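Please open the structure in your viewer and keep the selection panel at hand. The stops below are meant to be taken in order, each with something to select and something to look at.

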Amino acid sequence: MQKILDAIQADELDTLAHLPVPETYRGVTVHADEVDLFDGLATADKDPRRSLHLDEVPTPELGPGEALVAVMASAINYNTVWTSIFEPMSTFGFLKRYGRTSPLASRHDQPYHVVGSDLAGVVLRTGPGVQAWKPGDEVVAHCLSVELESPDGHNDTMLDPEQRIWGFETNFGGLAELALVKTNQLMPKPRHLTWEEAASPGLVNSTAYRQLVSTNGANMKQGDTVLIWGASGGLGSYATQFALNGGAIPVCVVSSEEKAEICRRMGAELIINRNAEGYRFWKDEHEQDPKEWKRFGAKIRELTGGDDPDIVFEHPGRETFGASVYVARKGGTIVTCASTSGYMHSYDNRYLWMNLKRIIGSHFANYREAWEANRLIAKGKIHPTLSKVYTLAETGQAARDVQSNAHQGKVGVLCLAPEEGLGVRDPELRARHLSEINRFRGV
């Protein structure tokens with residue numbers, strides 16, 4: 001592994017095809033024999049630092065249409081938190097089901113799960129049938145894994161019946177020194193970004209693109225008022241950028257003045273600090289408070305000059321969903337993914353059905369959407385929201401930060417990269433956008 005890293009750092013990428021691939025590598029894992037580790041604990045008390053391990057694992061066999069990538073950097077997404085606390089279910093069930101689909105897929109059914117759904121790195125090997133990529137290519141990877149043997153996914157790859165999220169519903173993910181991906185997950189690394197910056201947008205940037213911009217999501221247009229929950233967070237920070245770039249009017253909901261300031265740095269003007277305003281959408285565990293929905297809606301109208309949101313960008317889930325349905329304008333759209341505060345949503349259907357509103361479920365992005373989202377990063381139109389970077393050995397703490405919402409934007413992880421700041425190929429483009437690239441750093 002050191003020889004591979006030395007070649008990458010020496011810019012001798014053409015030698016990688018001739019260097020041996022290690023038989024083992026270090027990866028961040030959860031263990032199948034620990035799925036009961038947190039039994040009886042509340043979700044907030046289930047600590048990823050106890051369940052995420054840095055292990056030496058065997059390098060998987062390379063199959064047709066696949067690539068082994070030397071991972072320079074990765075990032076934390078909420079799916080790694082879910083995996084680490086075995087909620088809403090253990091991911092070993094996903095791996096077992098995948099493993100039964102074919103002899104090649106059986107590689108994924110292991111007593112350990114190498115996690116992580118983002119990467120930036122360098123291709124080491126490609127399997128049979130691969131023509132678009134070769135050893136030495138600098139890449140990022142999106143996390144859509146599909147088989148495309150059914151016609152159901154041919155118009156929208158997210159609808160493939162064998163659609164999975166790499167590193168969450170498959171093994172050999174990106175929080176490791178090596179990763180196994182399908183080569184149709186690969187995209188060119190943005191040349192003006194460091195390894196850790198390039199690794200951070202993948203999942204959340206593509207997810208926000210489909211959810212907000214794509215015709216498969218809210219199909220945002222110029223002039224739309226867009227309510228964005230968690231507007232300085234991993235997903236929301238990209239939604240805010242897409243809204244501003246697309247001529248929409250974001251109304252950013254945040255939980256502190258510090259987070260409000262980040263939104264202002266991105267160019268947003270209409271901001272609601274929900275903690276300062278004291279919104280309590282639930283009276284208790286079982287009953288919501290419609291008066292608080294109305295008070296929240298009145299605040300939105302105060303900021304917008306009387307307009308209700310055309311689009312509500314939803315991802316907190318249970319805590320906010322009743323309010324989201326209520327405040328959307330007549331004929332408006334609530335587009336939802338994730339549900340980080342709880343999966344069981346409840347709302348007053350009168351405000352949906354009688355006002356002709358729509359709820360759209362959105363999950364990651366198809367091949368084209370992921371490519372378009374990455375292209376905007378590469379052109380300097382959308383920027384990484386990286387705030388802090390950890391080492392691979394500190395992944396448990398990084399996941400704990402995301403779980404407890406102690407972070408802003410995205411949290412990165414160095415894998416093979418020995419330090420931050422490496423990997424830039426286009427310093428001129430970087431210089432033009434340096435303040436935007438760094439606006440989340442250290443916050």
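**First stop: Val-327 and its surroundings**

Select Val-327 and display whatever lies around it: leaving aside residues up to four places away in sequence, Val-327 touches Leu-227, Trp-293, Phe-296, Gly-297, Ile-300, Asp-308, Pro-309, Val-312 and Lys-357. Bear in mind during the whole tour that this is a predicted model. Val-327 belongs to helix 11, and with a relative accessibility of 3% it counts as buried. If you also select Arg-301, you will find its C-alpha 9.5 Å from that of Val-327, although the two residues are 26 apart in sequence.

**Second stop: aromatic pairs**

Two of the residues that Val-327 touches, Trp-293 and Phe-296, lead on to the aromatic side chains, for which the count comes to 15 aromatic pairs. Select Trp-229 together with Phe-296: the ring centres are 5.2 Å apart and the planes stand at 25°, which is under the 30 degrees required, so this pair is stacked. Because Trp-229 sits in strand 11 (residues 225-229) and Phe-296 in helix 10 (residues 290-304), the pair ties together parts that are 67 residues apart in sequence. Both Trp-229 and Phe-296 are buried.

Now move to Trp-293 and Tyr-326, an aromatic pair that is tilted, with 6.0 Å from centre to centre and 35° between the planes. This pair, too, links distant parts of the chain, since Trp-293 is in helix 10 and Tyr-326 in helix 11 (residues 321-327), 33 residues apart. Are the two partners buried or exposed? Trp-293, at 4% relative accessibility, counts as buried, whereas Tyr-326 is partly exposed, with a relative accessible area of 22%.

Before leaving the aromatic residues, select Tyr-78, Trp-82, Phe-94, Phe-168 and Tyr-343, which form one aromatic cluster.

**Third stop: helix 6 against helix 13**

Select residues 202-213, which make up helix 6, and residues 367-378, which make up helix 13; the two pack at an angle of about 115°, with their axes 9 Å apart. Helix 6 and helix 13 are therefore roughly perpendicular to each other, and helix 6 passes helix 13 in a right-handed crossing. To see the contact itself, show the side chains of Asn-205, Ser-206, Tyr-209 and Arg-210 in helix 6, which meet Glu-369, Ala-370, Glu-372, Ala-373, Asn-374, Leu-376 and Ile-377 in helix 13. Colouring the residues of this contact by type should show five nonpolar, three polar and three charged.

**Fourth stop: helix 14**

Next, select helix 14 (residues 395-403), which is mostly covered, as eight of its nine residues are buried. Those buried residues are Thr-395, Gly-396, Ala-398, Ala-399, Arg-400, Asp-401, Val-402 and Gln-403. What do the buried residues of helix 14 pack against? Their partners include strand 1 (24-31), helix 2 (48-51), strand 3 (66-76) and helix 3 (78-85), along with strand 17 (386-391) and strand 18 (410-414). Just after helix 14, pause at Asn-405, which takes a positive phi of about 60°.

**Last stop: Ser-145**

Finally, select Ser-145, which is found in strand 7 (residues 144-145) and is buried, with a relative accessible area of 3%. Apart from residues up to four places away in sequence, Ser-145 touches Tyr-98, Glu-162, Gln-163, Arg-164, Trp-166, Thr-170, Lys-182 and Gln-185.

Definitions and conventions: Residues are numbered from 1 along each chain as its sequence is written. This is a predicted model: local features need pLDDT of at least 70, side-chain atom pairs count only at pLDDT 80 or more; totals for chains, interfaces and linings use all residues. Side-chain values use heavy atoms; hydrogens and water are left out. Axes are lines fitted to C-alpha atoms, for helices over the stretch in contact, and angles run from 0 to 180 degrees between N-to-C directions. Helices (H or I, at least four residues) and strands (E, at least two) are DSSP runs, numbered from the N terminus. Angles under 35 degrees count as roughly parallel, over 145 as roughly antiparallel, 65 to 115 as roughly perpendicular and the rest as oblique. A crossing is left-handed if the near helix is turned anticlockwise from the far one by less than a right angle, and right-handed if clockwise. Contact means heavy atoms within 4.5 Å. Ala, Val, Leu, Ile, Met, Phe, Trp, Tyr, Cys and Pro count as nonpolar, Asp, Glu, Lys and Arg as charged, and the others, Gly among them, as polar. Rings of Phe, Tyr and Trp (its six-membered ring) pair if their centres lie within 6.5 Å; planes under 30 degrees apart count as stacked, over 60 as edge-to-face and the rest as tilted. Buried means under 20% relative accessible area, exposed over 50%, partly exposed in between (1.4 Å probe, protein chains only).
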